[in-house]
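Here is a structure to read through its terms. Each label will be set against its cut-off.

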Amino acid sequence: VSERDPLIQKLAEMNPVPLALVEGASTSPAANRALADAVAGRRVPRRRTLTVALACTLVGALAAAVTFVALSDRSPATAAELLKEMAAIAAAGDAPDISGRYLYTRTVAEQLSTSDEEGGAWSVILPIVEETWIAPDGSGRIRSVTGQPIFPGPRDEDRWERAGEPGFPFGVADNTFTAGMLTYEDVSSLPTDPSELLAVLGAQVIDDDPPRDVAVFLRIGAILGRGDASPQLRAALYRVASELPGIELVGETIDPLGRQGVGVSMWYGAAGANVRVLMVFDDQTSALLAQEQFLLQRASWIDAEPGSRVSFVAFSASQRVMTTIDLSSVRLSSANPLGGVFHGTRGR
Amino acid sequence: LPKDDKRDSFEVLFRSTYDRVLAYALRRTDPSEAEDVVAETYAVAWRRFDVIPPEPLPWLYAVARRTMANTRRSGRRRAELTAKLAAQLVPSTASELDPSEQLEEAAIMQAALRALKDSDRESLMLVAWDGLDNHAAGLVIGVSAAAFAVRLHRARRRLEAEIQRLTPKQKDDVGMEER
């Protein structure tokens, strides 16, 4: 296999830890400690967190867990201020393009699903990239690529085995839907007055799991994530969020796709264990980048360490389009994704 | 070597290789464990300083690799570790593809990598991520350059097959064949 092997080259481009990321680590406090321990012949102690200096140089999911440990206890007022700033940025933004027939969105997610079996509850995480095209008449297309299931811990896998190893979706699913088969939510009808909006969102909460404030917080995330709300609605959503009791500022953080943002979180009790919901915003544009959930305590329904992320959805694309034609296939004609070779333009 | 000379030489080795050994560990495990693995690797390096070859990286990687294998046996499941690895698998360099498309590519690549056996995945990572040639990669896993080349070839073929299996069929694929 030569260095120019396109497959190896493609894999190399996806290196999760390029050297640039660890540059200078050899003189970090952690390195100095390792050097001193080594020459003193000291047994290496188990350390559970990275030094801050190193953590700052890491990207994406790698950093998410570390950043999370450093969550601040700053007052909710600060989170409220951040969200009010977001509201101001959102209000000054451009109106979304509504020319296309379909709302196209793409998300990258790790979905948590929990099953309550007689032998004990277990959880599994499914990585999934999903594209949806939905028209106001409820027609459209949903295409998803699902990866291998991830068991958070050995107990989950054992219980899954005891439950008879039920299968999970895997690979590509691509379905088109005729009018009425999908539900198109018309967000343009939502009120843009914050207190009216809160009343509407609150009324949509069906039960108490998660609690109402958290459910509203999640609803706000779902609407912002679609990317087609008007500037006035976006601003109102941020104002509603800024008034929710229990919001906490997380500060600068990095979303699961490695994008820099600022985070606001809330926590709630989920079947005996607390879970933290984190929303990551782009503080320049006010766009919602991702929604993540972290387990805060050991739980009976998932075998994961406290502090670990148990699910996320990252919003990676949203636009209006005229057809449900595969956007990526159009681009594939000019760039073969796995060969990395330029093949000329379409229609040549 | 006198003690001070040994310490100075070791520090030169340490400072000139630490970044790479850390990167090697971070590519294979989570950050908190990676730091421990690297510290343990250099603790071994100090004790065995007299046997470290002039080209120390493959030797250090091999020690880190064994350290990680021991840690894994003592607790965590492979699935958890490869999951972490895959979660990190986001394109890190600029490409002609737009970000969302890169992500789908990454999703396919991560699923394909996950489906491989550990040994296949390691062969590919040593070359693509750690930047080793066949000789150095062979030293890390304890085989000759020729034997490593064979392993890499097989691993590459299996990765390609997994990617093909996972990649959605596009109308344009047909168009490209017609050209």
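The questions and answers below ask what earns each label.

Q: What kind of model is this, and how are its parts numbered?
A: This is a predicted model: local features need pLDDT of at least 70, side-chain atom pairs count only at pLDDT 80 or more, and totals for chains, interfaces and linings use all residues. Residues are numbered from 1 along each chain as its sequence is written, chains are lettered from A and ligands numbered from 1 in the order in which they are written, and side-chain values use heavy atoms, with hydrogens and water left out.

Q: What makes β1(A) and β2(A) a pair of strands?
A: Strands (E, at least two residues) and helices (H or I, at least four) are DSSP runs, numbered from the N terminus. Two strands pair if DSSP finds at least two bridges between them. Strand β1 (residues 102-117) and strand β2 (residues 120-134) of chain A are joined by 15 bridges, so they pair. The two run antiparallel. Within this pairing, Thr105(A) has Thr132(A) in β2(A) as its bridge partner.

Q: How do you know that β3(A) pairs with β2(A) and with β4(A)?
A: Count the bridges. Seven join β2(A) to β3(A), in antiparallel fashion. Ile134(A) stands opposite Gly140(A) in β3(A). Between β3(A) and β4(A) there are seven bridges, again antiparallel. There, Ile142(A) has Asn175(A) in β4(A) as its bridge partner. The hairpin of β2(A) and β3(A) has five residues between the strands, and Gly138(A) takes a positive phi near 85° in it.

Q: Why are β4(A) and β5(A) called edge strands?
A: Look at the order of the sheet. An open sheet of nine strands in chain A runs β4-β3-β2-β1-β9-β8-β7-β6-β5, with antiparallel pairing. β4 and β5 (248-254) of chain A each have a single partner strand, so one side of each lacks a neighbour in the sheet. From one strand to the next, the twist averages 25°.

Q: Why is strand β3(A) called largely enclosed?
A: Buried means under 20% relative accessible area, exposed means over 50%, and partly exposed lies in between (1.4 Å probe, protein chains only). Six of the seven residues of β3 (residues 140-146) of chain A are buried, so the rest of the structure largely encloses the strand.

Q: Why does Arg309(A) count as buried?
A: Its relative accessibility is 18%, which is under 20%, so Arg309(A) counts as buried. The residue lies in strand β9 (residues 309-321) of chain A.

Q: What makes the link between Arg309(A) and Glu292(A) a polar contact?
A: A polar contact is a pair of N or O atoms within 3.5 Å; within protein, one must be able to donate a hydrogen and the other to accept it, and residues adjacent in sequence count only if both atoms are side-chain atoms. The side chains of Arg309(A) and Glu292(A) make such a contact at 3.2 Å.

Q: What is unusual about phi at Glu165(A) and Ser286(A), and is each buried or partly exposed?
A: Most residues other than glycine have a negative phi. Glu165(A) is not a glycine, yet its phi is positive, about 50°. Ser286(A), also not a glycine, has a positive phi of about 75°. Glu165(A) sits in the loop between α7 (154-162) and β4 (171-177) of chain A. At 45% relative accessible area, Glu165(A) is partly exposed. Ser286(A) is in the loop between β7 (273-281) and β8 (288-295) of chain A. At 0%, Ser286(A) is buried.

Q: How do you know that the buried residues Leu7(A), Ile8(A), Lys10(A) and Leu11(A) share a side of α1(A)?
A: These four are buried in helix α1 (residues 6-13) of chain A. They cover an arc of only 160° around the axis, which puts them on the same side of α1(A). The arc is that of the directions from the helix axis to the C-beta atoms.

Q: Why is α9(A) called roughly antiparallel to α10(A)?
A: Axes are lines fitted to C-alpha atoms, for helices over the stretch in contact, and angles run from 0 to 180 degrees between N-to-C directions. The axes of α9 (residues 212-226) and α10 (residues 231-243) of chain A come within 10 Å and cross at roughly 160°. That makes α9(A) roughly antiparallel to α10(A). Angles under 35 degrees count as roughly parallel, over 145 as roughly antiparallel, 65 to 115 as roughly perpendicular and the rest as oblique.
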